[in-house]
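Here's a quick tour of a few local features worth a look. Pull up the viewer and follow along.

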Amino acid sequence: MRITGVDQAGVVRGDSEHDPATMENLGSQPEVLQAIQSGEGLSRRYSETVGYDTLYVAVPISDGPRVVGVARVAMPLAQVDQAARDTGAAIAMGGSLATLLAGAR
């Protein structure tokens, strides 16, 4: 999981994996705009920075009533998809076990 801090102008001020000075302005990214406008942002797209499909979730950083930036978390979609598959398998296994136990009564 990667964490990025962006100021109100979209300038990257910190990133857990890359040098902020080498990163593009993120002010026009959909999740950043959504976070500022509605309090949370979500986007799925290819990341040029890391080279794979990514899920982005962003929330505003406020100083009182004023938004001063955005905190964004990014996770490879391959990991998100694997977690969803694992959860689905666990639910299916639990359902099968419950059916077997109910039938044993």
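Which residue follows α1, and is its phi positive or negative? That residue is Gly39, and its phi is positive, near 95°. Keep in mind that this is a predicted model.

## The helix and its two sides

Let's stay with α1, which spans 30-38. Glu31, Val32 and Ala35 are the buried residues to look at here. Looking down the helix axis, the buried residues sit within an arc of 105°, so they line one face of α1. That fits the usual geometry: an α-helix has 3.6 residues a turn, so residues three or four places apart point the same way.

What covers that buried set? The cover includes three strands: β3 (41-47), β4 (52-63) and β5 (66-76). Flip to the other side of α1 and you find Gln37 and Ser38, both exposed.

## Just ahead of the helix

Gln29 belongs to the loop that runs between β2 (12-15) and α1. Its relative accessible area is 13%, so Gln29 counts as buried, given that the cut-off is under 20%.

Leaving out residues up to four places away in sequence, Gln29 touches Glu24, Arg45 and Arg72. With one of these, Arg45, there's also a side-chain to side-chain polar contact of 2.6 Å.

## A nonpolar patch on the surface

Now for the outside. Met1, Ile3 and Val73 make a nonpolar surface patch of about 280 Å². Met1 sits in the segment before β1 (2-7), and Met1 is exposed, with a relative accessible area of 61%.

Definitions and conventions
Residues numbered from 1 in each chain as written. Predicted model: local features only at pLDDT ≥ 70, side-chain atom pairs only at ≥ 80, totals over all residues. Heavy atoms only, no water. Helix = DSSP H or I, 4+ residues; strand = E, 2+ residues; numbered from the N terminus. Buried < 20%, exposed > 50% of the residue type's maximum accessible area, 1.4 Å probe, protein only. Polar contact = N/O pair within 3.5 Å; in protein donor to acceptor, adjacent residues only side chain to side chain. Contact = heavy atoms within 4.5 Å. Patch = residues over 30% accessible without salt bridge, like charges linked within 9 Å, V, L, I, M, F, W, Y side chains within 5 Å. Areas by Shrake-Rupley, 256 points an atom, 1.4 Å probe, with all protein chains shown as cover. Salt bridge = Lys/Arg side-chain N within 4 Å of Asp/Glu carboxyl O. Arc of directions from axis to C-beta.
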